[in-house]
Amino acid sequence: MLKLLKFGASYCAPCRAMAPILEELKSKIDIQDIDVDEADPVVLTNYKIRNIPVLVLLKDDKEVWRHVGSISKSDLEKEIEKASQTQIKDFDKSKELVGKYLSTDYSSSTIDNYRRKLKKI
C-alpha cells in the first residue's frame, strides 16, 4: 500500500502552493500532512527532515521516493505510478547503492562507477 508523507509548515509558501495538488490526489493515495513545528522531533530525525516541503512516498512502510521542494502534479503522479508498479527489492537495491555512495569518502573513479551503476537501475 502506498502512502505519501508531506512535511511542511503553515508559513512555508511552497508548502501552501502544493496544497491544492495534494488535495486532488487524496482520492488516489493516502496522504499525511505533517507540520514540522508540531511533529515529534524523533519523527523528523528518523525521516531526516532538514528542509521543507519534503514529500516521502512509502510502499509497505518503506521509503521508495523522496522529493525536497515543490513539484508539479504531473511529475508527482508519475512518481506515484512508478512506485506502485515497482517491487520493494528494486528500491532496496538502489537505496543500498546510494547509501554506499553517500556515506563514504570515495575517489572520483569510484564515484563514477557508482553513478554508472545507478543509471542501470
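Residues are termed exposed when over 50% of their relative accessible area is retained and buried when it is under 20%. The legends below refer to a predicted model.

**View 1. Helix H3 has a buried side and a side with exposed residues.** On one side of H3, Lys78 and Gln85 are exposed. The buried residues of this helix are Leu76, Glu79, Ile80 and Ala83. These four cover an arc of only 100° around the axis, which means that they lie on the same side of H3. The helix comprises 13 residues, 73-85. From the first C-alpha of H3 to the last, the distance is 19 Å, close to the 18 Å expected at 1.5 Å a residue.

**View 2. The second largest pocket is lined by residues from strands and a helix.** The space within this pocket amounts to about 160 Å³. Strand S1 (2-8), helix H1 (13-25) and strand S2 (30-35) each supply at least two residues of the lining. H1 gives the most, with five residues. Among the lining residues are Lys6, Gly8, Cys15, Arg16, Glu23, Ile31 and Asp33. By class, the lining contains five nonpolar, two polar and five charged residues.

**View 3. Cys12 and Cys15 form the one disulfide of the structure.** The sulfur atoms of Cys12 and Cys15 are 2.5 Å apart. The torsion about their S-S bond is about 75°, and the disulfide is therefore right-handed. Both cysteines, Cys12 and Cys15, are buried. Cys15 also belongs to the lining of the second largest pocket shown in View 2.

How values were computed: Residues numbered from 1 in each chain as written. Predicted model: local features only at pLDDT ≥ 70, side-chain atom pairs only at ≥ 80, totals over all residues. Heavy atoms only, no water. Expected span 1.5 Å × (residues − 1). Buried < 20%, exposed > 50% of the residue type's maximum accessible area, 1.4 Å probe, protein only. Arc of directions from axis to C-beta. 1 Å grid on protein atoms, 1.4 Å probe; cavity = no way out; pocket = protein on both sides within 12 Å on 5 of 7 lines; lining within 4 Å. Points joined across faces, edges and corners; volume = space filled by probe spheres on them. Nonpolar A, V, L, I, M, F, W, Y, C, P; charged D, E, K, R; others polar. Disulfide = S-S within 2.5 Å.
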